[in-house]
Amino acid sequence: MSSYEKYRNEALKNDPELKAEYDALAPEYDIIQAMIDARKKLDLTQKELSEKTGITQADISRIENGTRNPSLNMMKRLAEGLGMRLKLEFVQENKAAK
């Protein structure tokens, strides 16, 4: 475990408000990480993915660093450029009954 991961886990454990905010952003970060992982697994640079998708390298960079919120259409183009298909799923949350 990296020192950042240790710090993050400790901070989330000790600050319920921070954890709530972190959990609220988890879906966005999961999508970003999945995209980065897929691109790296294929040994593609952002520029190469840009050439395959027609999406600018700058936009791919912004998506990966979390400063660009891509449309569903853009995500489908990225998936196609990675030789994949986009799968969107709604999952029932397991929350304790109130």
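**Salt bridges, a buried glutamate and helix H5**

Biologist: Which residue does the side chain of Glu-89 meet in a salt bridge?

Modeller: In this predicted model, the side chain of Glu-89 meets that of Lys-87 in a salt bridge, with 3.3 Å from N to O. Glu-89 is partly exposed, at a relative accessible area of 49%, whereas Lys-87 counts as exposed, at 59% relative accessibility.

Biologist: And how many salt bridges are there in the whole structure?

Modeller: A search of the whole structure finds seven salt bridges. Asp-59, Arg-62 and Arg-68, for instance, are linked in a network of salt bridges. Behind any such pairing is a plain idea: side chains of opposite charge can pair when their charged atoms come close.

Biologist: What about Asp-23, which residue does it form a salt bridge with?

Modeller: Asp-23 forms a salt bridge with Lys-19, and the closest N and O atoms of the pair are 2.7 Å apart. Both residues lie in helix H2, where their spacing of four residues is about one turn of the helix. Asp-23 counts as partly exposed at 40% relative accessibility, and Lys-19 is partly exposed as well, with a relative accessible area of 37%.

Biologist: OK, now Glu-64. Which side chain does that one meet in a salt bridge?

Modeller: The side chain of Glu-64 meets that of Arg-39, again as a salt bridge, at 2.7 Å from N to O. Because Glu-64 belongs to helix H4 and Arg-39 to helix H2, the pair ties together parts that are 25 residues apart in sequence.

Biologist: Is Glu-64 buried or exposed?

Modeller: Glu-64 is buried, since its relative accessible area is 11% and the cut-off for buried is under 20%. Arg-39, its partner, counts as buried too, at 9% relative accessibility.

Biologist: What else does Glu-64 touch, leaving out residues up to four places away in sequence?

Modeller: Apart from Arg-39, Glu-64 touches Ile-32, Met-35, Ile-36 and Gln-46 once those sequence neighbours are set aside.

Biologist: Changing topic: which residues of H5 are buried?

Modeller: In helix H5, which runs over residues 72-81, the buried residues are Met-74, Met-75, Leu-78, Ala-79 and Gly-81. They lie on the same side of H5, because they cover an arc of only 160 degrees around the axis.

Biologist: What do those buried residues pack against?

Modeller: The buried residues of H5 pack against three helices, namely H2 (16-41), H3 (46-53) and H4 (57-64). The face of H5 turned away from the buried side carries Leu-72 and Glu-80, which are exposed.

Biologist: Where does Leu-72 turn up again, in which nonpolar surface patch?

Modeller: Leu-72 joins Leu-86, Leu-88 and Phe-90 in making a nonpolar surface patch of about 490 Å². Leu-88 sits in the segment after H5 and counts as exposed, because its relative accessibility is 65%.

Biologist: What about backbone angles, which residue other than glycine has a positive phi?

Modeller: Asp-43 is one such residue, with phi near 60 degrees. Most residues other than glycine have a negative phi, and so a positive value deserves a note. Asp-43 lies in the loop between H2 and H3 and counts as exposed, at 67% relative accessibility. Just after H5 there is also Gly-83, which takes a positive phi of about 75 degrees.

Biologist: Stepping back, how many helices and strands does the protein have?

Modeller: The protein has five helices and zero strands, and read along the sequence it follows the pattern α-α-α-α-α.

Biologist: And what is its radius of gyration, set beside that of a compact globule?

Modeller: The protein has a radius of gyration of 16 Å, whereas a compact globule of 98 residues would have one near 13 Å. Taken along the principal axes, the C-alpha atoms fill a box of roughly 45 × 35 × 20 Å.

Biologist: What share of the residues counts as buried?

Modeller: Of the 98 residues, 23% count as buried. The accessible surface comes to about 7,900 Å², and 52% of that belongs to carbon and sulfur atoms. As for contacts between residues at least 6 apart in sequence, 39% of them join residues at least 24 apart.

Key. Residues numbered from 1 in each chain as written. Predicted model: local features only at pLDDT ≥ 70, side-chain atom pairs only at ≥ 80, totals over all residues. Heavy atoms only, no water. Buried < 20%, exposed > 50% of the residue type's maximum accessible area, 1.4 Å probe, protein only. Helix = DSSP H or I, 4+ residues; strand = E, 2+ residues; numbered from the N terminus. Arc of directions from axis to C-beta. Contact = heavy atoms within 4.5 Å. Patch = residues over 30% accessible without salt bridge, like charges linked within 9 Å, V, L, I, M, F, W, Y side chains within 5 Å. Areas by Shrake-Rupley, 256 points an atom, 1.4 Å probe, with all protein chains shown as cover. Salt bridge = Lys/Arg side-chain N within 4 Å of Asp/Glu carboxyl O. Rg over C-alpha atoms; globule rule 2.2 N^0.38 Å.
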